[in-house]
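Trainee: Hi! Could you walk me through this structure and let me ask as we go?
Mentor: Sure, let's open it up.

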Amino acid sequence: MSGRHIVLTGMMGSGKTAVGERLARRLGLPFYDADALLEAEAGKRIADLFAGEGESHFRALERRLIGRLLAERPGVIATGGGAFADAENRARMKIGGVVVCLLADVETLLVRVAPSAHRPLLQGPDPVGRLRALLKVRLPAYAEAHHLLDTSDRTPDEIADLLCRLLQSREPSARRTVRIALGDRSYDVLIGSGLLVEAGERIRALGLTGRVAIVTDDTVGPLYGARLEESLRKAGFEPTCIEVPAGEASKSLGEAGRLYEAFLDAGLDRHGAVLALGGGVVGDLAGFVAATFMRGIAHVQVPTTLLAQVDSSVGGKVGVNLPRGKNLVGAFYQPRLVLADVACLRSLPVRQLRAGLAEVVKYGVIADGALFSWLEEQVEPLLAAEERVLADAVGASCRIKASVVEVDEREAGPRAILNFGHTVGHAIEAASGYGRYLHGEAVALGMLAAADLSVRLGLCAPALRERLARLLERLGLPTRASLQVEDIEKSMYYDKKVKDGMNYFVLTKDIGSVTVTRIFDREALRETLATIVSPPTG
Ligand SMILES: NC(=O)c1ccc[n+]([C@@H]2O[C@H](COP(=O)([O-])OP(=O)(O)OC[C@H]3O[C@@H](n4cnc5c(N)ncnc54)[C@H](O)[C@@H]3O)[C@@H](O)[C@H]2O)c1
Ligand SMILES: [Zn+2]
């Protein structure tokens with residue numbers, strides 16, 4: 001490790017002190033807790049400093065202390081939540097150390113800080129609203145940290161281990177390229193760490209110039225929008241950043257309409273380009289708008305969720321939902337480039353990461369036994385969002401998706417194998433009213449159902465189902481749904497892919513090999529569904 005400090009920043013409740021102590025112990029470095037030192041020196045609690053002398057006096061003391069700490073023997077410094085939001089502190093910390101910002105959603109933060117009454121910025125009514133407002137103000141500053149890391153659903157020890165590995169890794173950032181060969185619609189998927197800052201150059205290399213629109217959501221935009229914009233500006237582009245609300249509801253014709261207007265306002269024309277910065281929601285929406293604005297303009301996918309990196313950004317399916325169903329309006333419209341920056345996955349909530357891994361498991365089952373075995377060995381580094389392992393997982397997944405898309409771009413037949421686990425998965429999403437289960441979680445359950453059905457129909461041995469269940473469990477994915485068999489069944493018959501009352505199923509013969517059939521054995525199906533719902537209690 002270099003002789004620089006490790007500076008931890010982030011909101012109150014993000015775990016800076018608990019993580020900082022552990023990290024320092026693991027690395028054999030001194031630990032400096034800025035807030036505690038400040039209280040000791042002032043002989044007062046921070047809350048009393050705020051109340052007595054006011055925030056600006058407190059910030060002045062804090063600035064002085066941080067300056068002093070940065071001049072000390074290199075160690076781990078946990079700073080107060082507002083310290084990095086101060087421009088002067090921020091500049092010094094970024095030069096004097098490697099800055100890691102610990103993130104968590106507002107609900108998690110509140111649970112963690114609730115027991116302590118001495119948080120001056122949380123005094124008064126509506127702490128949730130105030131915390132949310134504070135986070136919004138600070139996020140652009142936090143986004144300048146060298147590393148962003150989500151801490152919800154991770155213990156301080158897990159985070160400390162994860163940071164140890166991250167900070168000690170000397171490996172040059174792993175890069176992979178997967179070519180999607182589709183004649184004159186061919187493109188590359190670039191996978192690696194740090195691609196966001198290279199985006200401008202990479203996009204210019206495609207021959208694009210001038211005005212570009214970045215479409216993102218209001219979670220991803222504040223974290224990564226500025227970095228992408230800066231990279232584009234440096235490469236001579238004129239970027240405009242447009243945010244939609246985070247969440248599936250934004251995949252709508254209404255939002256599409258708003259984007260067309262925003263493109264016109266920004267002066268985008270047929271020679272411009274649309275960049276989708278975000279998860280599958282942003283990717284599908286922005287891709288759809290790119291496909292239709294002025295009869296189609298260039299678009300580049302910059303996926304920031306694992307699901308988007310391994311699945312939705314590749315293959316050209318774009319679209320929006322209608323009130324009556326998902327993905328009912330859309331097109332096949334290939335991007336010109338996909339930039340999958342795996343460093344973005346560290347700020348992704350772990351639950352989303354696990355859900356994305358379900359799709360990686362799917363690729364293993366449908367096409368690559370070696371990938372499946374490799375996943376079994378890499379569970380811990382994958383969940384710790386280690387870049388090299390994630391890049392390998394994304395690379396392997398995209399290669400399989402490429403091979404399927406290349407022979408069946410418009411989903412006439414073979415592409416159906418990508419729907420392994422999705423027949424029941426979609427039904428679970430629908431039956432639970434969308435939202436209770438993430439897509440990947442529902443797919444995990446659906447894959448178990450498909451494996452069970454395969455066993456029942458004599459296609460494979462029961463050991464396969466057990467092996468799959470074990471891997472999904474270790475990845476922290478659900479293996480039982482709290483739903484009724486009848487509800488899942490009912491949703492299955494509403495599926496748009498049902499033909500003559502029969503659902504089509506992708507079944508497995510072995511890990512790495514599948515077959516597509518239509519199922520009319522309702523009895524077997526019912527028995528299968530019973531194995532993936534919670535047994536009745538009482
Ligand atoms: N086109 C296709 O082939 C295809 C394939 C699969 C799924 N999809 C679609 O993808 C959508 C789901 O995509 P998703 O799972 O990526 O959901 P999403 O886009 O809603 O992202 C999940 C959440 O993570 C947040 N987020 C994204 N990146 C982040 C980051 N780096 N750090 C912190 N937070 C981050 C988002 O703001 C959002 O709240 C669905 O609409 C589905 O239909 C499309
Ligand atoms: Zn899926």
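Trainee: How many disulfides are there in the whole structure?
Mentor: Zero disulfides turn up in a search of the whole structure. Keep in mind that we are looking at a predicted model.

Trainee: Why is C241 not in a bond?
Mentor: The closest cysteine sulfur belongs to C344, and because it is 13 Å from the sulfur of C241, that is too far for a bond. A disulfide would need the two sulfur atoms within 2.5 Å.

Trainee: And what about C398, which cysteine sulfur is nearest there?
Mentor: C344 again has the nearest one, 14 Å away, and C398 is in no disulfide.

Trainee: Are those two cysteines buried or exposed?
Mentor: C241 is partly exposed, at 29% relative accessibility. C398 is buried, with a value of 0%.

Trainee: OK, new topic. Which residues hold the zinc ion (ligand 2)?
Mentor: The zinc ion (ligand 2) is coordinated by E359 through OE, and by H422 and H439 through NE2, at 2.0 to 2.1 Å. Along the chain, the donors follow the spacing E-x62-H-x16-H.

Trainee: Where do the two histidines sit?
Mentor: H422 is in helix 18 (residues 422-431), while H439 is in helix 19 (residues 439-456), so the pair ties together parts that are 17 residues apart in sequence. H422 counts as buried, at 6% relative accessibility, and H439 is partly exposed, at 25%.

Trainee: Let's do sheets. What is the strand order in the five-stranded one?
Mentor: The order is 2-3-1-4-5, in an open sheet with parallel pairing. Its edges are strand 2 (31-33) and strand 5 (147-150), each of which pairs on one side only. From one strand to the next, the twist averages 20°.

Trainee: How do strands pair in general?
Mentor: They pair through backbone hydrogen bonds, and the strands can be parallel or antiparallel. For an example here, take strand 1 (residues 5-10) and strand 3 (residues 76-78), a parallel pair with three bridges. V7 has I77 in strand 3 as its bridge partner.

Trainee: And the seven-stranded sheet, what order does that have?
Mentor: That open sheet runs 6-7-14-11-10-8-9, with mixed pairing. Strand 6 (175-180) and strand 9 (238-244) are the edge strands. Neighbouring strands are turned by 15° against each other on average, direction ignored.

Trainee: How many bridges join strand 8 to strand 10?
Mentor: Five bridges, between strand 8 (residues 211-217) and strand 10 (residues 273-278), which run parallel. V215 stands opposite A276 in strand 10.

Trainee: What does helix 10 touch on that sheet?
Mentor: Helix 10 (residues 220-234) packs against strand 8, strand 9 and strand 10, and its direction makes about 165° with that of strand 8.

Trainee: Switching to helix pairs, how do helix 3 and helix 4 cross?
Mentor: The axes of helix 3 (residues 46-53) and helix 4 (residues 55-71) cross at roughly 130° and come within 7 Å. That angle makes helix 3 oblique to helix 4. Residues that meet there include L49 and F50 in helix 3, and F58 and L61 in helix 4.

Trainee: Last one: where is L285?
Mentor: L285 is in helix 12 (residues 280-292), and L285 is buried, at 0% relative accessibility. Leaving out residues up to four places away in sequence, L285 touches several others, among them V244, L259 and V320.

Note on methods
Residues numbered from 1 in each chain as written. Chains lettered and ligands numbered in written order. Predicted model: local features only at pLDDT ≥ 70, side-chain atom pairs only at ≥ 80, totals over all residues. Heavy atoms only, no water. Pairing = 2+ DSSP bridges. Helix = DSSP H or I, 4+ residues; strand = E, 2+ residues; numbered from the N terminus. Axes fitted to C-alpha atoms, helices over the stretch in contact; angles between N-to-C directions. Buried < 20%, exposed > 50% of the residue type's maximum accessible area, 1.4 Å probe, protein only. Donors = N, O, S within 2.8 Å, 3.2 Å for Na, K, Ca; no water. Parallel < 35°, antiparallel > 145°, perpendicular 65-115°, else oblique. Contact = heavy atoms within 4.5 Å.
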